[in-house]
Amino acid sequence: MTRSKKNLVYTFAFWILTVLSLSAFAQKENVYQTFRGTRVVNGHSVETQREGELEMIIAHRFGRVNGGPYELFGLDQATMRIGLEYGVKNWLSVGAGRSSYEKTYDGFIKARLLQQKVGGWPFSVTYMGGMAMRTLHESDSVRALFYTNRLFYTHQMLIATKIGDRFSFQVSPTLVHRNFTESRAELNDVKAIGFATRLRLNKNIALVGEYYYILPNQLSDLYFSPAGIGIDIETGGHVFQLHFTNSRGMTERFFIPETTGNVLRGDIHFGFNMARTFKLKGRWY
Amino acid sequence: MVLIIRYFSALLVFLFAGNLHHPATVGEDWDEYTPVQEVLETLGESAPAHRLPGESAQALMIIKQGEDIVKRGRTIGPNGKLSPYVSKYFICTNCHNIEQEDPDLTSRDPELRLIYVREKNIPFLQGTTFDGIVNRESWYNDDYVKKYGDLVKPAHEDLREAIQLCAVQCSQGRPLESWEMRAVLAYFWSLQFTLGDLQLSDHEMAQLRAGSSNMAHYASLRTLIRSKYLQTSPAHFADAPPDKDKGYGLEGDPEKGKALYELSCLHCHNANGVSEYVLDHSEMSFRNLEKKIPKDSHYSLYQIVRYGTWAQPGHRPYMPHYPLERMSNQQIEDLRAYVEQMSM
């Protein structure tokens with residue numbers, strides 16, 4: 001590309017970005033509830049908590065439904081995560097949780113960078129940065145692990161748009177960094193692109209779906225891309241999310257690089273998220 | 001501008017309170033901005049119990065504090081710090097307007113009110129406006145005793161008690177401290193009626209001015225002034241129709257229903273409103289409302305408007321009901337007609 005063509009492209013890009021930025025900050029009404037909760041299935045949605053609100057999310061993932069009646073289709077086994085999320089500002093949330101799976105603690109920060117507007121800026125963008133620490137005692141006494149070997153990091157840009165009253169779509173480029181991997185064949189940095197969608201059936205019920213495409217040549221053949229479908233049920237201050245997914249993990253550190261369930265084999269887990277919001281600061285609504 | 005004039009009117013009342021009883025020619029100065037209470041006291045009426053004593057130049061600041069409490073639920077207190085919210089759930093303007101909302105101050109006709117508030121683009125709410133609230137002589141009238149029982153007795157005759165009842169029961173909050181009460185009252189006094197609000201004819205104004213120097217006319221002039229506005233805010237409760245499907249048997253006007261939906265329902269049930277039940281103009285919102293209308297449940301439109309909801313342990317925000325004077329049976333049918341039209 002010649003220099004003058006490059007300049008033309010840069011100038012064009014500059015004006016496009018300027019116009020879009022101005023429309024993003026124009027005094028227009030925000031699009032609300034692109035997703036109902038801060039989670040789609042396993043992964044984060046673009047939503048943040050409202051300022052002063054604390055949300056408790058209790059999540060369960062049962063065993064595989066193809067375990068048959070002996071395992072009561074997976075209900076005999078369960079992993080769970082209890083998490084708290086707090087809205088420091090409307091655009092800034094912090095959260096922490098603990099998963100029984102590998103006794104893992106996690107924390108994250110979520111910042112809404114852009115907000116979709118009615119008749120204006122067309123999508124919302126939220127950054128999510130998280131960290132997790134596995135505290136499970138190592139079974140391999142020969143191979144000593146450092147504290148840092150237990151740490152995991154996640155960076156994610158959640159880009160979502162709500163089209164009309166019923167349909168929402170989200171794309172989320174994600175990077176999971178693992179300080180330690182089980183084999184040299186696996187990369188420490190795992191890159192993935194998440195896709196999520198929500199279709200409202202009526203005022204209180206919506207179908208949701210989620211899929212993370214793991215870029216090739218990063219993981220061993222044991223692992224699969226995580227996917228899930230579910231239903232969101234809204235009942236006033238509660239949100240119930242019931243879903244089927246091929247992952248038992250409920251944080252990015254698990255479900256992106258370590259999903260072992262093959263959907264085609266029927267390795268599907270039933271699970272649910274239950275969220276309850278408490279107002280800690282300011283007026284209730 | 002009108003607000004500033006009212007502030008100054010209120011300030012004048014504070015400054016000259018107690019010096020108004022025997023002016024020789026004071027009536028000559030009366031004009032549309034003259035507070036009604038000032039005129040009544042000049043004409044020999046005693047000051048009401050909620051009248052504030054004469055204040056210093058602090059009055060404007062106190063009025064601003066009261067306005068903050070009414071509109072935002074808190075203000076900067078005498079200690080220089082932000083006061084705690086009166087209620088975690090509501091502010092006064094969730095249920096009350098602060099502007100004139102009835103075209104005729106002698107009537108509480110919700111049909112006429114809807115036309116008026118549509119023109120002014122102000123909400124159509126359950127509670128009576130604060131405009132002229134200090135000029136009334138009773139509060140929590142008529143059927144409110146059915147809702148609040150003995151709590152209404154002191155509130156019925158005393159504006160301070162009425163404000164406290166509203167703060168504690170209606171808004172599920174805390175009692176106002178004395179400085180907060182003074183501030184809210186000062187703000188309310190800034191919203192008192194002036195002679196201009198009473199829409200007196202030129203002849204009546206001349207009558208007033210002339211009669212102000214003749215004590216023999218005081219009683220009749222007071223009667224004249226009182227005939228220009230209601231001293232109470234009537235409140236009669238009504239039942240939902242027993243058969244929700246048939247409703248009240250009136251034909252609804254969806255065009256009026258649209259105004260009610262926007263000026264009444266959406267005032268609280270918007271995305272940033274005080275209710276977690278969010279409504280908008282989407283088909284889903286209308287369908288959700290529509291399918292509940294014929295059901296004999298708490299969530300039928302009829303039931304919600306006529307009985308509201310209740311504060312419960314663990315979930316104290318609730319929706320107050322509409323007395324007949326605040327929404328007529330015909331208007332509920334108008335609202336139903338609009339909801340049904342939009343859900344198709």
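These legends walk through several close-up views of a predicted model with two chains, A and B.

**View 1. Chain A, from end to end.**
Let's start with the parts list: chain A has two helices and 12 strands. Reading from the N terminus, the order goes α-β-β-β-β-β-β-β-β-β-β-β-α-β. How much of chain A is buried? Buried residues make up 36% of its 285 residues. Now think about who touches whom: among contacts in chain A with a separation of 6 or more, 58% are between residues 24 or more positions apart. As for confidence, the mean pLDDT of chain A is 89, with 89% of its residues at 70 or more. Which elements of chain A sit at the two ends of that scale? Helix α1 (residues 3-25) has the lowest mean pLDDT, at 63, while β3(A) has the highest, at 97.

**View 2. Three strands of chain A, side by side: β1, β2 and β3.**
Here β1(A) and β2(A) pair up antiparallel, with nine bridges between them. To find your way around, look for A:L54, whose bridge partner in β2(A) is A:Y86. On to the next pair: β2(A) also runs antiparallel to β3(A), residues 92-99, and eight bridges link these two. One partnership to pick out there is A:E85 with A:G95, which belongs to β3(A). The turn from β2(A) into β3(A) is a hairpin with two residues.

**View 3. A leucine with an unusual backbone angle.**
Zoom in on the loop between β1 (53-64) and β2 (78-89) of chain A, where you'll find A:L72. Its phi is positive, about 50°, even though A:L72 is not a glycine. Is A:L72 buried or partly exposed? Partly exposed, because 13 other C-beta atoms lie within 10 Å of its own, and a residue needs 20 or more to count as buried.

**View 4. Strand β6 of chain A and its two faces.**
Strand β6 covers residues 151-163, and its side chains take turns pointing to one face and then the other. On one face are A:F152, A:T154, A:Q156, A:L158, A:A160 and A:K162, which are buried. The other face holds residues that are not buried, including A:Y153, A:H155 and A:M157. Try tracing the strand one residue at a time: A:F152 is on the buried face, and A:Y153 is on the other.

**View 5. The partners of β6, on to the hairpin.**
Which strands pair with β6(A)? One is β5 (residues 124-134), joined to β6(A) in the antiparallel sense by 10 bridges. Look for A:V125, which stands opposite A:I159. Another is β7 (residues 167-178), which also runs antiparallel to β6(A) and shares 10 bridges with it. In that pairing A:Q156 faces A:T174 of β7(A). Between β6(A) and β7(A) there is a hairpin with three residues, and A:G164 in this hairpin has a positive phi near 70°.

**View 6. Where chain A meets chain B.**
How many residues of each chain are in contact with the other? It's 10 from chain A and 16 from chain B. On chain A's side, the mix is three nonpolar, three polar and four charged residues. A:N202 makes a handy landmark, since leaving aside its neighbours within four places in sequence, it is in contact with B:M284, B:R287 and B:N288. You'll find A:N202 in the loop between β8 (189-200) and β9 (205-214) of chain A. A:N202 is partly exposed, with 13 other C-beta atoms within 10 Å. For a sense of distance, A:N202 and A:E55 are 147 residues apart along the chain, and their C-alpha atoms are separated by 24 Å.

**View 7. Chain B, helix after helix.**
Chain B has 14 helices and zero strands. Its C-alpha trace spans about 70 × 50 × 40 Å along the principal axes. How does its radius of gyration fit with a compact globule? A compact globule of 344 residues would come in near 20 Å, and the 22 Å of chain B agrees with that. Of those 344 residues, 40% count as buried. Among contacts in chain B with a separation of 6 or more, 71% involve residues 24 or more positions apart.

**View 8. A tyrosine in a loop of chain B.**
The last stop is B:Y140, in the loop between α4 (110-120) and α5 (144-148) of chain B. This residue has a positive phi of about 50°, although B:Y140 is not a glycine. Is B:Y140 buried or exposed? B:Y140 counts as buried because it has 25 C-beta neighbours inside 10 Å.

Key: Residues numbered from 1 in each chain as written. Chains lettered and ligands numbered in written order. Predicted model: local features only at pLDDT ≥ 70, side-chain atom pairs only at ≥ 80, totals over all residues. Contact = placed C-beta atoms within 7 Å. Nonpolar A, V, L, I, M, F, W, Y, C, P; charged D, E, K, R; others polar. Helix = DSSP H or I, 4+ residues; strand = E, 2+ residues; numbered from the N terminus. Rg over C-alpha atoms; globule rule 2.2 N^0.38 Å. Buried ≥ 20, exposed ≤ 12 C-beta atoms within 10 Å, placed from the backbone. Pairing = 2+ DSSP bridges. pLDDT = per-residue confidence, 0-100.
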